Amino acid sequence: MSTQTKDNVTAFSTRPKGARVARKIDREAFGFAYSLQTPVWVYDIDGRCILFANASACRLWQASTEAELCSRDLGKDMSTSVAERLKQYQNDFIASDATFNEMWTLYPDNVPTSVMVNYSGYPLQNGQMAMLCEATGYADDQPENLRSAEALLHTDVMITLFSLDGKPLYMNPAARKAAPAGVTLGSMFADPTDHELLLYELQKNGVHRMITRVSTPAGLCWYDVSAKHCLDAATGKTALLTTYIDVSELKDARDRARYLASRDQLTGCYNRSFLQQRMSELTLMSGQCALLYFDVDRFKQINDRFGHEMGDLVLKMLVERARGAIRKKDLIARLGGDEFVILFEDTPSAEEFSTQISRLFNQLTQPFETAAAKLNVTVSMGMSFFHPGGNAFDDILREADIALYASKQAGRNRLTYFCEELGNAAKARDQLEIELKRAVEQQQFTLHYQPRVDLKSGKVVAAEALVRWNHPDRGLVMPNEFIPSCEESGLIEQVGQQVLTMGCETAFDWARQGLGLQLSINISPRQFNDAKLMETLAAYAGAPDFPKGQIELEITENVLIGDLEAIAIKLEAITKMGYQIAIDDFGMGYSNLSYISRFPLNCIKIDRSFVQQLPKSGPIVRLILTMARQIGASTVAEGVETKEQLDWFVGQDCTQVQGYFFSKPKPHDAFLSVARQINSEPQPV
Ligand code: C2E
Ligand code: CA
Ligand code: CA
C-alpha cells in the first residue's frame, strides 16, 4: 500500500491492475481545499474514481484516508442510468461552463444522509473533463423532500424550467439527456409557429398543452408538451415550467391508423367514410361543388377475361390517371368495386370545368398497355352539382348515381349531368320495384302463348310462353316494361321461377291431352345462374308423366359467356334430364360460330331484326341456317309478320317460323283455338 502523494494519483497502487492512469491532475492547485470545511472532491467521470478529496470529503465518504477513497472503483456498482447522467453532465461541462446542483444521498452506517452537491466541470491535464464536486450543505432530511428530489432525478418525464427569454434555468436528467447542447425553448420546436402558438396561449391562459415536433439529437420526435408560468424558487422571477414526454411512437401509430381508416387499401385513394366526412365539413363553404360518380364499363368482363390482378391494375391506373387530370384539392374516393367518386370543391367557371372534365374523361379512356395485354377501357360517368349545406351526402351521391345509370342506359362510355327528369324517372323505377315485389307475392303474372309453325307441314307444333303482368290498376303490362327492372333488382329469380312453374304445368297438361305441342319457356341470364333453377327442373323431370323433349328452355347468347366449361356441364345436365335448349335472339350477342358448337343446343332462334331486314340480311340468315345445320340444331325464324318474309324462308332450310303473321301471343284458351284453326286449314304453307 503506497502512501498519499500530493501530486500524482498514479502513485496509488491499489488501483485495478492494468488501469494505468497517466498524470491527470495538478494536485498542488488544490492546496487551499485541504483546509476547507466543506467537502470538496474531484471525480474522474471516465475513470470512475475520485482523483482528489479533502479531509471533509473523506469524512463524508467515510474513507479512512484520501488514498483509500481514491482507490475505490466507483464504477463497480454504478447503475447505467447514473452512468448516463454523469456522461450527460460531462457533455454539458464541455459545451458550456454549466454548474448543477443535485441532492445526493449517501448511506454512511446505513443511515441515509442527504447533501446538496454543486457540480462543475474540471478539465484534466490529459484533456478529459472531470467533475469538481462541492457539498454545499446538508439538506433538509424530510422524507417528502428526499423522495421528490429522487423522483425528479430518475423520472423519464423531461422537466425544464425556462426563463421567460427561453434559456434553461434547470433541466432534470431526462430533459438534459434528450436536449442538444445550448438548447433554448425556441430552438426545441421544429415548427416555429408552434413555438409562437405556445407563447401566445401562455400569455392568454398561463398554461398550454400541445403535441409538437421537436428537434433532438436523435432526430425529429413528437413531444406532448405541457407548459405553465410559475415562479423560479431561486430568483422569485416568473419562469416557464415545461414537462414533456416523447409520444413519437404513439403518434406514428395513431397517424397510421387514421391514414388506414380513411383510405382504400388497393388504390390508396380515399374511401367512402372519408368522403362522407369531408362532404359534411363542406357546409361552411359557399360556392358550387360537384360530385362525379364513375365506373368502368363491363368491369366484370375485364376480371373474367384477364384475371383479377389485371382488374386491380386497371383500377390503380385509373386512379393515377384521374389524379393527373384533376386539381390537387379535388378529392377522389373509391366506393367499392370499380366505383369511384370525385368531389370538386368550389368548381371553376362552367367553361373551365367542362374542359377539365373532358380532359379527365379523355385520360381515363386511353387504352391500357401492360406487358400482358392491351386493353380498351371505357367509363360511364354521372355528375351532380350542389351547394354545401343543402342536401345530405346520400342524396347528392344518389343524384350522381342516377346520372351514371342514365349514361349506362344510353350505351355507356359517356357523361350525363343529373336533372329533374332523371330524378323523376328514378323515382318511377323505385315505384315499379315496389309494385313488382307485391306482384311476386300476389302472383300477378300470367302466361300468353305464341304459336310456332312447322314450315314443311304448315302446322302449329310448338308455342312460346311469354309472361304478362296482370297489374291491378294498369291492366296487362308487357314484359319489356318490367323484365329489365326485375333483372336489375334480382326479382327475376322469383318471377322466372313462377313462369317456369306455370309453363311446366301447361306442358304437362298438353301432354296429358295429347296435343303434341312443344312449349318453350324463356330463362333469363340471372335465373340461369340461380341454383333453384336446377332444383325445379329436376323435380319436374322426375315426375312420372314428365313430357320428355316437349319442354324447351330459351336462353340468350350472353348466358354462354364466362366459365365455358361450367356452362357446358350445366347445359349437358339439363339436356340429360330431358329438356331441349334453344338459343334466343341469335345474332345479337357475342357468340361466334366456333364456340357455339361446344354446347348441346337443340334449336337456334334467329332474331327478329334479321327477319325484318330481309332480303338485305339474307346472307347472314343463310349463314346462321348453315351453321345450325352443322351443329345439328333446328331453326326458328322469329317475328315473321308478312307473307314476303314467310316466303323467303320457305325456300330455305329453316325448321319453324313464329310471328304476328300467324298469331300474336294470346291467353291459353285463345291460343289453343288459334292453333286448332291453323292446324285444320287444309293446305300446308
Ligand atoms: P322474346 O323472347 O324474343 O320474345 C318474342 C317477343 O317478340 C315477344 O314479345 C313477342 O310478342 C314478340 N313478337 C313475336 N312475333 C312478333 C312479330 O311478328 N312482330 C313483332 N314486332 N313482335 C313479335 P313480348 O311478349 O313483349 O316479350 C318481349 C321480351 O320479353 C321477350 O323477347 C323476352 O326477352 C322477354 N320475356 C317475355 N316473357 C318472358 C319470360 O317469361 N321470362 C323472361 N326471362 N323473359 C321474358
Ligand atoms: Ca324468347
Ligand atoms: Ca327472341
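# Close-up views of the ligand sites and some backbone details

**The polar grip on ligand 1, seen from Glu641, Gln450 and Glu464****.** One polar side-chain atom of Glu641 sits 2.5 Å from a nitrogen of ligand 1. A polar contact here is a pair of N or O atoms within 3.5 Å; inside the protein, one atom must be able to donate a hydrogen and the other to accept it, and residues adjacent in sequence count only if both atoms are side-chain atoms. Keep in mind that this is a predicted model, in which local features need pLDDT of at least 70 and side-chain atom pairs count only at pLDDT 80 or more, while totals for chains, interfaces and linings use all residues. As for bookkeeping, residues are numbered from 1 along each chain as its sequence is written, chains are lettered from A and ligands numbered from 1 in the order in which they are written, and side-chain values use heavy atoms, with hydrogens and water left out. Back at the ligand, the side chain of Gln450 puts an N or O atom 2.9 Å from a nitrogen of ligand 1, and the side chain of Glu464 has one 3.2 Å from an oxygen of ligand 1. On its own, ligand 1 would expose 790 Å², and the protein buries 85% of that (Shrake-Rupley areas with a 1.4 Å probe; for residues, only the protein chains shown count as cover).

**The wider shell around ligand 1****.** There are 22 residues around ligand 1, and Gln450, Arg468, Asp584, Glu641 and Tyr660 come nearest (near means that a heavy atom of the residue lies within 4 Å). By class, the shell splits into nine nonpolar, six polar and seven charged residues. For that split, Ala, Val, Leu, Ile, Met, Phe, Trp, Tyr, Cys and Pro are nonpolar, Asp, Glu, Lys and Arg are charged, and the others, Gly among them, are polar. Strands β20 and β24 (580-586) each bring at least two residues to the shell, and β20 gives the most, with four. Helices (H or I, at least four residues) and strands (E, at least two) are DSSP runs, numbered from the N terminus.

**The calcium ion (ligand 2) and its protein donors****.** Glu464 (OE), Asn522 (OD1), Glu554 (OE) and Asp584 (OD) hold this ion from 2.1 to 2.3 Å. Donors are N, O and S atoms within 2.8 Å of the metal (3.2 Å for Na, K and Ca), and water is not among the atoms, so sites may look incomplete. The donor residues follow the spacing E-x57-N-x31-E-x29-D in sequence. Glu464 belongs to strand β20 (residues 460-471) and Asn522 to strand β22 (residues 518-522), so this pair ties together parts that are 58 residues apart in sequence. Glu464 is buried at 4% relative accessibility, whereas Asn522 is partly exposed at 26% (buried is under 20% relative accessible area, exposed over 50%, partly exposed in between, with a 1.4 Å probe and protein chains only).

**The calcium ion (ligand 3), next door through Asp584****.** The two calcium ions, ligand 3 and ligand 2, lie 3.8 Å apart, with Asp584 coordinating both. Around ligand 3, the protein donors are Asp584 (OD), Asp585 (OD) and Glu638, which appears twice through OE, at 2.2 to 2.5 Å. Their sequence spacing reads D-D-x52-E. Asp585 is in strand β24 and Glu638 in the loop between β26 (634-637) and α23 (643-650), so the pair links parts 53 residues apart in sequence. Glu638 is buried at 9% relative accessibility, while Asp585 is partly exposed at 27%.

**Backbone oddities at Asp585, Asn413 and Pro615****.** Most residues other than glycine have a negative phi, and most peptide bonds are trans. Asp585, the ligand 3 donor, goes against that with a phi near 50°. Asn413 also has a positive phi, about 55°; Asn413 lies in the loop between α13 (393-409) and β18 (415-417) and is partly exposed, at 36%. The Leu614 to Pro615 peptide bond is cis, with omega near 5°, and Pro615 is in the loop between α21 (608-612) and α22 (618-630).

**Cys504, a cysteine without a partner****.** How many disulfides are there? The count comes to zero, taking a disulfide as a pair of cysteine sulfur atoms within 2.5 Å. For Cys504, the closest cysteine sulfur is in Cys603, 17 Å away and too far for a bond. Cys504 is buried, at 0% relative accessibility.

**Phe546 beside Phe508****.** The C-alpha atoms of these two are 6.6 Å apart, although 38 residues separate them in sequence. Phe546 sits in the loop between α18 (531-541) and β23 (551-556) and is buried, at 11%.
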